[in-house]
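Open the model in your viewer and keep the selection panel at hand. The tour goes stop by stop.

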Amino acid sequence: MTQSKLPAESEKTAHIRITLNREVVDVSFAPYKTLLEVLREDLGHTGTKHGCELGECGACAVILDGKPVLSCLVLAVECDGREVETVEGLGTDGDLHPLQDAFADLGGAQCGYCTPAFLLTAKSLLDQNPSPSRDEIREALSGNLCRCTGYLQIFEAVEAAMIEIAKRNKSAT
Amino acid sequence: MSDKSNPSNLPACDSGSGSDQLRVIGTSRRRIDARGKVTGQTIFADDIFLPRMVHCKLLRSPHPHARIRKIDASRALSLPGVYLVLTGKDFPIEYGILPVSQDETALCVDHVRHVGDPVAAVVAREELTASEALDLIDVDYEILQTISDPEEGLATPEPRIHDYGEEGNIHKRVSFEFGDADKGFAEADEVFEDLFFFQGNTHLAIEQHAAVATKDRDGKLTLWTSTQTPHYLHRALSKVLEMPTGHIRVIATPCGGGFGGKSDPFNHEIVVSKAALLLGRPVKICLTREEVFYCHRGRHPILMKFKTGVKKDGTITAMQLQSLIDGGGYGSYGVASTFYAGALQTTTYHIPKYRYQGCRVFTNKPPCGPKRGHGTPQPRFGQEVQIDKIAEKLKIDPAELRLRIAVKPNELTANFLQLGTVGLDQCIRRVVEISGWKEKFRKLPEGRGVGLACSCYLTGAGLSIYWNSMPHSGIQLKLDRGGGVTLFTGTTEIGQGSDDVLAAIVAEVLGIGTNDIRVYSGDTDLGPVDLGSYSSRVTLMAGNAAIQAAERAKAMLVEGVAEKFQVPKERIRLADNCAFDSAAPEKRVTFQEAVCLGESRFGTIGTVGSYTPPKFLAAQYKGGGVGTSPTYTYSAAVVEVEVDPATGWLRIAKIWNTHDLGRALNPVIARGQVEGSIYMGLGEALMEEQEFRRLPEKFSRALVHKFPSILEYKSPTSLDMPEVVTEFIEGPDARGPFGAKECGQGPLLPIIPAVANAVYDAVGVRIDEVPITPEKILKALSDKKAGRAPRFGPTHFPEVHWPEALRVPPPWEGGDGRATNEAPRRPKPRVEKEPVLKP
């Protein structure tokens, strides 16, 4: 069946310029798309996941202008000129971020599907509060659902990362 | 127990690198797939984007029960961007996970059986276009009466949801007698009768089902899909698409959570496969979260009637269990579930006489299937709560009572399940110790309480889903002169750590690190058959196969090195990435050199290993295969709760649990599996409900899912998870690789009854129903205050016409595992055909 006419969506595109993981990028996309969809489908950054696309599970969490947001509830057109951090941008110079090392070593990831979101939400927490209590960690992560771990090894991974980051900061000074 | 004539059944426990200590097995390590998961590089099914890929959406029935009179897709087909519309006409061949219930078609042909049953598929250039096209498909339905629960199903033989099954809307009934239970009740000092209800719940894996199908350059089909059972899916695709299995490649992508929800062959998998073959371009589908609720295949709601006779000292004289099981709209694993819902009750406490009757009824709801524990958490809940009631009446401590009646290692149960190692005694004693049980039980202030429960689970189903005498797991190993080791296997990594376990086993045998091994799993082209990730089978079955493959490879390396060193091969050890002479360890070569020596000596090194469970000669009666397993694990849990009597609000203060897992191959992963099981049990105990309601009269009175969303279907968040103390009880079981048994399902089971028992200890009310919610507690408390029975739970078990029981005398009554009243199974009579050559 040949289609001589394009679907309506293809006739309009929106364009934004964002700083994605410290790099300036331009992207064009169908204007109705969420940040989540643009990241995954138009920018090839499939590390960010979806579990419900209704803002209920937290699997789509990214950091937008320094704050953790549910990218399935953010329209991409709202992001022009803004800074987005995704899991692909964690770590520097080929090394993993301490959170990534900790999650990998301490059982923070089992199926791994919720992991990118947990990492970014945890990073956002540690960026604001370098030594959160267990309760503060629980609270900060309460918008991220995990069905595999039961959360306890995730908490321990965040605490281990916290200690490692503090150690590195200390030796850097 | 091991069949010596079949080498694949050799006990594998002792197989090691030859060194005295294990270097990899038992160490806490970063799992081999961890890096990909924390960097976001792991490719899940919906992360696959292929050139020219198009999108598929399914149109689902808005009616719970209807006939399809007509489907008109012309308006959809003329929407720009739509390439293809498929309907049931395109998929006439039925399939289903179980051979006995092949009752599904990829799209409904003329009968829809639940809201969400797929009736048409659109393939379009954009996902949004496909969604819009769904609204342009006109379906003419003839509404049929809805059957909303088993009781209604029993009372409503017509209209039939399926035209197979026992009769009316009864899918399956089973009835077994292992000894004369009535005689046992007569001998008892006390007889307890209790009703329990366990509501249905669903897996809620964070990853929605997704699949991408493509027609390869050689014209064959490749399907990437999030599945736990690529092999069974492979067979179903071959059947429905009428293609040779060898021309179909199923690749199980890393599964973002399964828990049993991705173990059936699914409509969407078959639809995209066919669409890709027709269009000659890749077709992707990803279900919405709401659609996942309609796929379901989750925990069967079960109404249970337990009757148990005991002596004053707690010894059980007989037990009887009747179960009424809500199957939903299709068979799925339901026949197996019906057997499982009674099979494991004899595996924890000695039950000399046991009667089980189960009845699964079709209803117009999403089909139920296997969820973590598969049919056993429900009766385990009933059994453990009833034991608590028995202990109270007999004035025996519940832990003490269980210790008195616990099964012993290597026992054969009344229903002929062969137990292996049994760590139940140690589990109970240890959990009592670490929880402070004796200081707390019946001693905490009002509103605070502790509850204890135990359980047992199998380590791999003894039978394959389809009858055959081939291995359940196969492993292929490739060793090359670069020192690389590659493991090819059909197993599926669903987060439980199977890839890591297999790498660890091979690493241990070959004396290398897990980082030196690549694992290719879940690909039907690359790896030998593994039946799938269900029934906690992979570690034991694929693990044993991996040991065999690795040992065979090791033998070649050892011989090559021995020849070079001119020493007997028995002296050669593989460890620390080297091969050395144990009598003179400085005489060594690297692992890579050892492989070169082996390859020079033997040619290209490629080995296989396989595992077939021992034939369970004991359970010969029809249905006796379900519940059999190479071995079983044991768990005990103590849950401490706080209940606010004013609101009924229930808070879990702390959980202690002990799990007899044989050996923890990677303690980090094992702990994660145990805690994940506890978490999921807690979710079911407190809040998870797959509930339905009828729409108001002015709409359609349709039976719909009450809340098919993650927000409203409650699951525990980080705030809900209490402190958990986990201890492994390690006593290697020779039947498992390096002694390992399962740890991915067993620990879930005792949590739910332990919560119920703790609530009783806290505020003196019995919630004989799951989930245990504040509303129910409050209702029971107000009943208690008013002098009524301090209990919330079912009060009525409908009349079921049970079939004649299969009578199987238990072992201690001289039974041999056969039924005394089963008609001998005759082969089907041969039909005389017309002779080919006429005289």
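This is a predicted model.

**Stop 1: a helix pair in chain B**

Select residues 398-405 of chain B, helix α11, and residues 424-435 of chain B, helix α12. Their axes come within 10 Å and cross at roughly 165°. Angles over 145 degrees count as roughly antiparallel, so α11(B) is roughly antiparallel to α12(B). The crossing of α11(B) past α12(B) is left-handed.

Now show side chains. Which residues of α11(B) meet α12(B)? On the α11(B) side, pick A399(B), R402(B) and L403(B). Opposite them, in α12(B), pick D425(B), I428(B) and V432(B). Colour this contact by class: four residues are nonpolar, two are charged and no polar residue takes part.

**Stop 2: the end of a helix in chain B**

Stay in chain B and select residues 267-279, helix α7. L279(B) belongs to this helix. Is L279(B) buried, exposed or partly exposed? L279(B) has 18 C-beta neighbours inside 10 Å, so it counts as partly exposed. Burial would take 20 or more.

Add the contacts of L279(B). Leaving out residues up to four places away in sequence, L279(B) touches V54(B), Y83(B), L84(B) and V123(B). Then draw a distance from L279(B) to S521(B). The C-alpha atoms are 29 Å apart, and the two residues are separated by 242 residues in sequence.

**Stop 3: two domains of chain A**

Switch to chain A. Colour 12-88 as domain 1 and 98-172 as domain 2, following the domain assignment. The C-alpha centres of these two domains of chain A lie 22 Å apart. How many residues of each domain are in contact with the other? Domain 1 of chain A brings 14 residues, and domain 2 of chain A brings 12.

Look at the domain 1 side. Strands β3 (61-64) and β4 (67-70) of chain A are the elements that give two or more residues there. β3(A) gives the most, with three residues. By class, this side has eight nonpolar, three polar and three charged residues.

**Stop 4: where the chains meet**

Show both chains together. The contact takes 43 residues from chain A and 47 residues from chain B. On the chain A side, select α2 (98-105), α3 (115-128) and α5 (152-172), each of which supplies at least two residues. The largest share of that side, four residues, comes from α2(A). Colour the chain A side by class to finish: 23 residues are nonpolar, 13 are polar and seven are charged.

Definitions and conventions
Residues numbered from 1 in each chain as written. Chains lettered and ligands numbered in written order. Predicted model: local features only at pLDDT ≥ 70, side-chain atom pairs only at ≥ 80, totals over all residues. Contact = placed C-beta atoms within 7 Å. Nonpolar A, V, L, I, M, F, W, Y, C, P; charged D, E, K, R; others polar. Axes fitted to C-alpha atoms, helices over the stretch in contact; angles between N-to-C directions. Parallel < 35°, antiparallel > 145°, perpendicular 65-115°, else oblique. Left-handed = near helix turned anticlockwise from the far one by under 90°. Domains from an automatic or database assignment. Buried ≥ 20, exposed ≤ 12 C-beta atoms within 10 Å, placed from the backbone.
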